[in-house]
Amino acid sequence: MSTIIYSSPIFGPVHSRRLGVSLGINLQPGDGKICTFDCIYCECGFNADHHPHLRRPTRKEVYEGLLQALTKMKSEGHLPDVLTFAGNGEPTAHPNFPEIIDDTIRLRDLFAPSAKVSVLSNATEIYKPEVRSALMRVDNNILKLDTVDAHYIHTVDRPVGTRYDVSRVIADMEKFNGHIIIQSMFMKGITKYGNVDNTTDNYVLPWLEAVKRIQPKEVMVYTIARETPDPLLEKASPEELNRIRDMVLALGIPCKASY
């Protein structure tokens, strides 16, 4: 099992399946993982296996790191398509997340005005008004919703340090009034956690109803791309992802499938 631990506060640029050339912004320590989920498919591994010794980067460190990276990329003539908040855990859990978003937008406007600011989030913090307000200011507010089944969420996504209520999360997603992109992981496999296949109608149809309620501007359905901490997980097939994609498209909501 290989594990990806991203440097902090800036990593890349990397090529994203969904976003293009992405300059990564990691608001968690660069030597470990801090996350409000402990997903069994996370490329960064399980939380317990990667306790960090370093602290989170400060707002100033993020600003200076991003300034340096964008200055270098501009001088080389290769600006990013997107500035992406991702890395070793949940970015919105950083105590200065709203202020860091404002700094990032200012630097984007100065160095790479055509680049998008994206946040990849598991949505555990969107109950906080200041987090929702910050996410409303980014171009791509990409929030996770793998399923609406509570047992599956606690088996596969495994919320930690938070009382995760998927009904509340869906209600909070509705508050974005369409300024939201839903990202959903579909996969298969029989592991020690049980059957984790969420590509069947008993999972997909209730999820589809939630998507209909939320009315996002886009949905991204995807599957495993790298090694996972649980080696028994399996990719969803292109046919399975395309079927789910087409069901979303039938609602009149744009949807992309990544294999």
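Biologist: What makes residues 59-76 helix 1?

Modeller: Helices here are DSSP runs of H or I with at least four residues, numbered from the N terminus, and helix 1 has 18 residues. It's a predicted model, where local features need pLDDT of at least 70, side-chain atom pairs count only at pLDDT 80 or more, and totals for chains, interfaces and linings use all residues. Residues are numbered from 1 along each chain as its sequence is written, and side-chain values use heavy atoms, leaving out hydrogens and water.

Biologist: How do you know what span is expected for helix 1?

Modeller: Take 1.5 Å times one less than the number of residues. That gives 26 Å, and helix 1 reaches 26 Å from its first C-alpha to its last, close to what's expected.

Biologist: Why do you say the buried residues line one face of helix 1?

Modeller: Buried means under 20% relative accessible area, exposed over 50%, and partly exposed in between (1.4 Å probe, protein chains only). V62, G65, L66, A69, L70 and M73 are buried. Seen down the axis, the directions from the axis to their C-beta atoms fall within an arc of 125 degrees, so they line one face. On the other side, K60, Q68, K72 and S75 are exposed.

Biologist: What comes after helix 1?

Modeller: G77, with a positive phi near 75 degrees.

Biologist: What makes the lining of the largest cavity four nonpolar, one polar and three charged?

Modeller: The lining is F37, K144, L145, D146, T147, I153, D157 and Y164. Phe, Leu, Ile and Tyr count as nonpolar, Asp and Lys as charged, and Thr falls among the others, as polar. That matches four, one and three.

Notes
Helix = DSSP H or I, 4+ residues; strand = E, 2+ residues; numbered from the N terminus. 1 Å grid on protein atoms, 1.4 Å probe; cavity = no way out; pocket = protein on both sides within 12 Å on 5 of 7 lines; lining within 4 Å.
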